[in-house]
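Biologist: I should like to learn how to read the features of a model such as this one. Shall we work through them in turn?

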Amino acid sequence: MTVTKTLTLGDLTINRMGYGAMHLTGHGVWGPPENPENAVKVLRRAVELGVNFLDTADSYGPGFNERIIREALHPYPDDLVIATKGGMLRSGQSDWLRDSGNPPYIVACGRPEYLRQQVELSLYNLGLDCIPLYQLHRIDPVVPLADQLGQLAQLQQQGKIRHIGVSGQPEVSVEQLAACREIVDIVAVENLYNIADRSSEPVLTYAEENGIGFIPWFPLGHGDLLGPGGALAKVAPSVGATPSQLALAWLLHHSPNTILIPGTTSTHHLEENVRAGDLVLDDAQWDEIAELCSHEEPWRPEQVPAY
């Protein structure tokens with residue numbers, strides 16, 4: 001069974017196999033890339049392979065990730081859709097490291113003044129007059145949702161944002177997504193989701209029913225699914241694929257509304273990931289693979305108070 005390789009977000013046509021640029025930064029998603037020349041090479045190769053959707057955020061670096069995209073690709077191809085995010089704070093290099101011994105620092109800041117500043121910084125860092133897709137990185141529980149999205153709507157009216165989305169750490173609920181849509185048109189939602197962690201299935205169903213793009217982050221299960229003892233590694237050789245290709249191809253097969261953003265610093269792995277879109281299995285095979293992966297224990301960031 002073949003899958004549709006494109007998705008329409010508003011007036012944008014997206015190739016569903018995109019690229020997540022987060023790891024083109026320093027250790028801990030902090031500072032510039034350790035090898036800037038390689039980062040540029042990977043980004044340019046992605047575009048050569050037909051990738052026209054790049055996912056980044058102002059907190060990646062912070063700022064450096066957006067700047068390396070500009071260095072590599074500006075002036076941008078006409079069909080390139082850059083999706084960036086704002087509204088989440090950083091505390092330092094170790095705040096998102098999984099082996100730091102502490103819960104990840106996931107703190108939202110949705111004050112309208114802050115969001116306006118961050119949009120302006122992203123415009124500058126990316127070298128854009130208008131951001132194709134801007135996502136609220138995390139809903140701030142202490143700021144009225146209407147104030148957060150209302151500020152983005154104002155910037156959209158001013159021509160600085162083309163389309164608006166929301167992102168969850170780990171997820172935006174159906175109820176939150178519906179509430180967002182009462183304030184502004186939402187074209188995409190980005191939640192933690194992969195073949196082993198399908199907690200956001202109701203949100204994915206809602207996205208399908210309402211013509212919203214669904215962007216899974218941690219599409220490879222933070223790497224845990226791909227190890228030698230993982231379910232995907234056990235079955236991949238029998239279907240002539242790599243474990244990462246299986247994880248990505250399942251996401252493409254599972255829903256026509258998914259937009260994939262696997263990240264890598266390797267052109268070889270990038271090329272492998274893109275080829276996942278060509279993997280064809282029948283429904284029974286996909287069901288069997290999903291069942292095997294359902295017994296894996298996925299990793300999720302612990303939730304800590306926002307303030």
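Modeller: Let us begin with a single residue, bearing in mind that the model is predicted. S59 lies in the loop between β4 and α2 (64-73).

Biologist: Is S59 buried or exposed?

Modeller: Burial is read from relative accessibility, with under 20% as the cut-off. S59 has a value of 2% and therefore counts as buried.

Biologist: Which residues does S59 touch, apart from those up to four places away in sequence?

Modeller: With those neighbours set aside, S59 touches V29, M88, R90, W96 and H137. V29 itself sits in the loop between β3 and α1 and is buried, because its relative accessible area is 9%.

Biologist: What is to be noted about the phi of V29?

Modeller: Phi of V29 is positive, near 55°, although the residue is other than glycine. F218 also has a positive phi, of about 55°, and is not a glycine. F218 is placed in the loop between β9 and α7 (231-235), and at a relative accessible area of 18% it is buried.

Biologist: The backbone has another torsion to inspect. Where is a cis peptide bond found, and what is its omega?

Modeller: One cis peptide bond joins G61 and P62, with omega about -20°. P62 belongs to the loop between β4 and α2. The peptide bond from H74 to P75 is cis as well, with omega near 0°, and P75 lies in the loop between α2 and β5.

Biologist: Let us turn to the strands. How many strands form the open sheet, and in what order?

Modeller: The open sheet has seven strands in the order β3-β4-β5-β6-β7-β8-β9, and the pairing is parallel. Its edge strands are β3 (19-20) and β9 (213-217), each of which pairs on one side only.

Biologist: How many bridges join β4 to β5?

Modeller: Strand β4 (residues 53-55) is joined to β5 by three bridges, and the two run parallel. F53 has V81 as its bridge partner in β5, and L54 stands opposite I82 in β5.

Biologist: How should I read the two faces of a strand such as β5?

Modeller: In a regular strand, side chains alternate between the two faces of the sheet. In β5, V81, A83 and K85 are on one side and I82, T84 and G86 on the other, and all are buried, which leaves both faces covered. Strand β5 (residues 81-86) is accordingly described as mostly covered, with six of its six residues buried.

Biologist: How many residues of β8 are buried?

Modeller: Strand β8 (residues 186-192) is mostly covered, with seven of its seven residues buried. Strand β7 (residues 161-167) pairs with β8 in the parallel sense over four bridges, and S167 stands opposite E190 in β8.

Biologist: I should now like to consider helix packing. At what angle do the axes of α1 and α2 cross?

Modeller: Two packed helices are described by the angle between their axes and the distance between the axes. For helix α1 (residues 36-48) and α2, the axes come within 9 Å and cross at roughly 65°. The two helices are therefore roughly perpendicular to each other, and α1 passes α2 in a right-handed crossing.

Biologist: Which residues of α1 and α2 meet?

Modeller: From α1, P36, A39, V40, L43, R44 and V47 meet I68, I69, E71, A72 and L73 of α2. The residues of this contact divide into nine nonpolar, no polar and two charged.

Biologist: How do the axes of α8 and α10 cross?

Modeller: The axes of helix α8 (residues 243-254) and helix α10 (residues 283-293) come within 11 Å and cross at roughly 120°. These helices are therefore oblique to each other, and α8 passes α10 in a left-handed crossing. The contact is formed by L246, A249, W250 and H253 of α8 with D283, W286, I289 and A290 of α10. Its residues comprise six nonpolar, one polar and one charged.

Biologist: As a last case, how far apart are P104 and D282 in sequence and in space?

Modeller: P104 and D282 are 178 residues apart in sequence, and their C-alpha to C-alpha distance is 39 Å. P104 is found in the loop between β5 and α3 (112-126) and is buried, with a relative accessible area of 14%.

Notes
Residues are numbered from 1 along each chain as its sequence is written. This is a predicted model: local features need pLDDT of at least 70, side-chain atom pairs count only at pLDDT 80 or more; totals for chains, interfaces and linings use all residues. Side-chain values use heavy atoms; hydrogens and water are left out. Axes are lines fitted to C-alpha atoms, for helices over the stretch in contact, and angles run from 0 to 180 degrees between N-to-C directions. Angles under 35 degrees count as roughly parallel, over 145 as roughly antiparallel, 65 to 115 as roughly perpendicular and the rest as oblique. A crossing is left-handed if the near helix is turned anticlockwise from the far one by less than a right angle, and right-handed if clockwise. Contact means heavy atoms within 4.5 Å. Ala, Val, Leu, Ile, Met, Phe, Trp, Tyr, Cys and Pro count as nonpolar, Asp, Glu, Lys and Arg as charged, and the others, Gly among them, as polar. Buried means under 20% relative accessible area, exposed over 50%, partly exposed in between (1.4 Å probe, protein chains only). Two strands pair if DSSP finds at least two bridges between them.
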